[in-house]
Number of protein chains: 2
Amino acid sequence: MADKIETVAFLGPKASYTHQATLTSFPALPPSHLHPQTTIADVFTAVQSRTATHGVVPFENSTNGSVVFTLDLFADLQHQHPDILVCGEVYVPVRHCLVGHIPTPPRTASTSTSTSTSTASQGDDSGAQTPTRSAPNPLKPRATPLADLSRVQKLYSHPQAWGQCNAFLSTYLKGVERLDVSSTSRAAELVAADASGASAAVSSEIAAQIHGLDYLARGIQDAEDNETRFFILRRAAERDGADGAQGGDGGGDEETEKWKTLIAFTVDHEDPGALAKALEVFKTYGLNLTSINARPSGIVAWNYVFFVEIKGRRLEGGEGVVNRALRDLGRAARGWRWLGSWESKLER
Amino acid sequence: MADKIETVAFLGPKASYTHQATLTSFPALPPSHLHPQTTIADVFTAVQSRTATHGVVPFENSTNGSVVFTLDLFADLQHQHPDILVCGEVYVPVRHCLVGHIPTPPRTASTSTSTSTSTASQGDDSGAQTPTRSAPNPLKPRATPLADLSRVQKLYSHPQAWGQCNAFLSTYLKGVERLDVSSTSRAAELVAADASGASAAVSSEIAAQIHGLDYLARGIQDAEDNETRFFILRRAAERDGADGAQGGDGGGDEETEKWKTLIAFTVDHEDPGALAKALEVFKTYGLNLTSINARPSGIVAWNYVFFVEIKGRRLEGGEGVVNRALRDLGRAARGWRWLGSWESKLER
């Protein structure tokens with residue numbers, strides 16, 4: 001009953017974190033079956049149009065929060081991707097590096113010659129930021145530079161990465177111009193093309209290696225346990241509409257702790273108690289909310305599409321608690337959409 | 001009992017949308033009492049350190065959603081702004097323009113000479129985007145260019161603006177490099193410095209006028225009713241801690257429809273029903289949730305700070321429904337913080 005895995009569209013380019021997530025989720029698939037896409041919307045479109053059987057997109061980072069582009073694609077205000085469902089998730093640790101060119105050895109005296117492959121960042125970051133009366137506990141960067149950063153005039157990265165490296169960037173590269181690009185891997189690619197040393201990128205280790213860049217600092221993310229969660233997408237099958245089956249195994253396992261379900265809904269914004277009413281449905285059935293998000297509905301200003309993630313699974317046959325909760329949600333909400341049920345991969 | 005208004009820190013530079021919000025909220029204040037700040041964090045710091053009596057920051061856009069930087073400053077994970085409260089709100093219509101230089105008249109034949117002050121955009125946008133099988137209803141841009149855009153190679157704007165002008169930019173400037181800067185006004189300033197015509201900015205009309213730029217298109221935002229909501233900040237007074245007074249008038253008016261209250265809370269993430277439990281508190285007291293947001297807690301991965309906005313007001317004396325709900329929230333949540341009560345300015 002499992003869908004045949006043939007081709008996977010993922011947010012590229014190669015060596016992006018989404019690429020890593022794709023390799024983790026589909027380890028047996030030959031590289032020619034993995035298709036990098038330029039945007040998250042392109043991944044949705046590839047799955048919707050059956051150009052790919054599956055898609056992989058970033059959904060949420062543990063430091064930086066939800067990926068609003070992905071949420072907006074699930075909201076599907078333009079009715080472009082009505083058949084997209086989540087069928088799995090994967091967590092990828094994020095270890096950002098500052099990468100660029102070191103044309104000459106650093107000016108500071110050193111007992112050994114500094115090379116581009118110098119080992120992990122030093123732990124001593126005391127005094128990196130001066131506490132002030134208004135900021136008595138400034139966030140301390142976890143890493144120190146491995147090279148002179150005074151020549152860096154431009155920083156390239158994906159917008160999400162800035163928020164994940166606040167402490168390092170505001171300590172060592174305050175005021176340096178930041179240029180947003182579509183991925184951290186693309187950032188490394190752009191920096192590789194500028195040999196002057198004036199450009200640097202925040203990217204992964206693998207992107208630095210692929211593009212032959214030097215490490216200017218490693219492990220520059222604020223949180224030690226920085227992770228990004230990716231969703232695996234599939235196209236809804238006919239059975240999904242009729243009986244609410246969750247692709248994968250077809251069993252009737254209802255152990256709610258093992259499963260997650262994503263649901264989008266809108267409420268009547270003229271009835272200001274409507275949101276609480278909708279959320280109460282899940283509580284009635286003992287379904288634990290693990291996340292909640294709101295995005296503009298795109299139709300009327302200050303009207304939202306809500307996304308909730310619950311522990312539990314929509315079952316074949318329609319008689320599970322999630323199925324019953326969704327029927328009740330149909331009465332409490334103006335509209336709702338089941339966006340998939342999948343096995344939880346969170347190990348804590 | 002009203003706080004004396006002396007100085008207002010706002011997210012600058014001059015001619016930014018936040019500046020417009022500030023002028024709307026404090027029309028009688030001399031310009032020398034309005035202090036533009038470089039970042040939203042600087043506004044919080046100015047109010048916290050009493051450098052300014054009030055602050056003005058963007059909170060939410062009707063098309064693009066919450067300003068996560070502002071939410072994270074309210075979450076105050078570094079304990080830098082423990083005394084910031086919201087004491088008011090203001091809605092500012094957002095009408096984005098594409099601005100730049102028109103060194104020569106547009107190449108297309110025109111009955112009158114095109115000038116930098118040409119009138120509002122034309123309404124005819126049919127055929128601007130080709131529907132495809134995967135995108136049968138592409139979003140149509142509301143405006144058409146007033147000049148030849150083929151020379152534009154770089155676009156400057158604030159990151160929030162891209163999401164608000166998707167249709168226009170993806171139709172007329174697809175693939176053009178986008179550079180994020182700190183405000184739409186700063187974007188106009190940078191473009192003013194590049195006379196080659198290769199740069200353009202997405203900014204307000206007032207910023208274009210101040211920097212002497214030409215309109216390349218007007219009203220390019222996706223939604224006709226695009227608005228941004230700004231919060232007015234003050235520093236907590238001693239009375240706030242003791243009796244929950246809401247600065248402004250000191251009355252006991254409890255008409256919940258007229259007031260809004262912002263609350264942040266965290267829940268025990270080991271208890272997965274905790275979020276629903278916390279939200280139920282508001283329902284118990286008939287307090288309508290008008291918005292909800294979740295941001296990473298910054299302490300443990302996949303643990304959140306939740307923000308809810310409710311209709312109602314924390315009262316002096318501690319005996320209003322909001323006061324009672326907050327006491328119950330203290331039992332349901334791990335921690336919570338009242339972030340202010342203010343008069344609603346939403347007229348719909």
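How many residue pairs are in polar contact across the interface of chain A and chain B? The rule finds 6 such pairs, with both residues of each at pLDDT 80 or more. The legends below start from that interface in this predicted model and then move into the chains.

**View 1. Chain A meets chain B.** The contact draws 50 residues from chain A and 50 residues from chain B. Putting the two together buries about 4100 Å², and carbon and sulfur atoms supply 57% of that area. Look at which residues take part: 100% of the interface residues of chain A are interface residues in chain B as well, so the copies meet through the same surface.

**View 2. A salt bridge and the polar pairs across the interface.** Here we zoom in on A:Glu280 and B:Lys283, which form a salt bridge. Their closest N and O atoms sit 3.5 Å apart. The rule finds 2 salt bridges across the interface of chain A and chain B, alongside the 6 residue pairs in polar contact.

**View 3. What chain A brings to the contact.** Several elements of chain A give two or more residues each to the side that touches chain B: strands S3 (54-61), S8 (177-180), S11 (227-235), S13 (289-296) and S14 (304-311), plus helix H9 (274-284). The largest share, 7 residues, comes from S13(A). Sorted by class, this side of chain A has 20 nonpolar, 17 polar and 13 charged residues.

**View 4. One copy laid on the other.** Take chain A, turn it by 180 degrees and shift it by 0.1 Å along the axis, and it can be laid on chain B with an RMSD of 0.1 Å. That is the relation of a two-fold axis.

**View 5. Chain A on its own.** With the partner set aside, chain A shows 10 helices and 15 strands. Of its 348 residues, 55% are buried. Among contacts in chain A between residues at least 6 apart in sequence, 75% join residues at least 24 apart.

**View 6. Around A:Ala167.** This close-up is set on A:Ala167, found in helix H5 (residues 166-172) of chain A. Is A:Ala167 buried or exposed? It has a relative accessibility of 2%, so A:Ala167 counts as buried. Leaving out residues up to four places away in sequence, A:Ala167 touches A:Leu139, A:Lys140, A:Pro141 and A:Asp222. A:Gln221 is also worth picking out: A:Ala167 and A:Gln221 are 54 residues apart in sequence but 7.9 Å apart in space, C-alpha to C-alpha.

**View 7. The loop between S1 and H1.** In chain A, a cis peptide bond joins A:Gly12 and A:Pro13, with omega about 0 degrees. A:Pro13 lies in the loop between strand S1 (8-11) and helix H1 (17-25). A:Ala15 is found in the loop between S1 and H1 of chain A too, and has a phi near 75 degrees, a positive value in a residue other than glycine. A:Ala15 is buried, with a relative accessible area of 3%. Over in chain B, the peptide bond from B:Gly12 to B:Pro13 is cis, with omega near 0 degrees, and B:Pro13 has its place in the loop between strand S1 (8-11) and helix H1 (17-25) of chain B.

**View 8. B:Asp76 and its positive phi.** The last stop is in chain B, where B:Asp76 is found in the loop between helix H3 (68-75) and strand S5 (84-93). Phi of B:Asp76 is near 55 degrees, a positive value in a residue other than glycine. With a relative accessibility of 8%, B:Asp76 counts as buried.

Methods:
Residues numbered from 1 in each chain as written. Chains lettered and ligands numbered in written order. Predicted model: local features only at pLDDT ≥ 70, side-chain atom pairs only at ≥ 80, totals over all residues. Heavy atoms only, no water. Contact = heavy atoms within 4.5 Å. Buried area = accessible area lost by both parts, 1.4 Å probe. Salt bridge = Lys/Arg side-chain N within 4 Å of Asp/Glu carboxyl O. Polar contact = N/O pair within 3.5 Å; in protein donor to acceptor, adjacent residues only side chain to side chain. Helix = DSSP H or I, 4+ residues; strand = E, 2+ residues; numbered from the N terminus. Nonpolar A, V, L, I, M, F, W, Y, C, P; charged D, E, K, R; others polar. Least-squares fit on C-alpha atoms with pLDDT ≥ 70 in both. Buried < 20%, exposed > 50% of the residue type's maximum accessible area, 1.4 Å probe, protein only.
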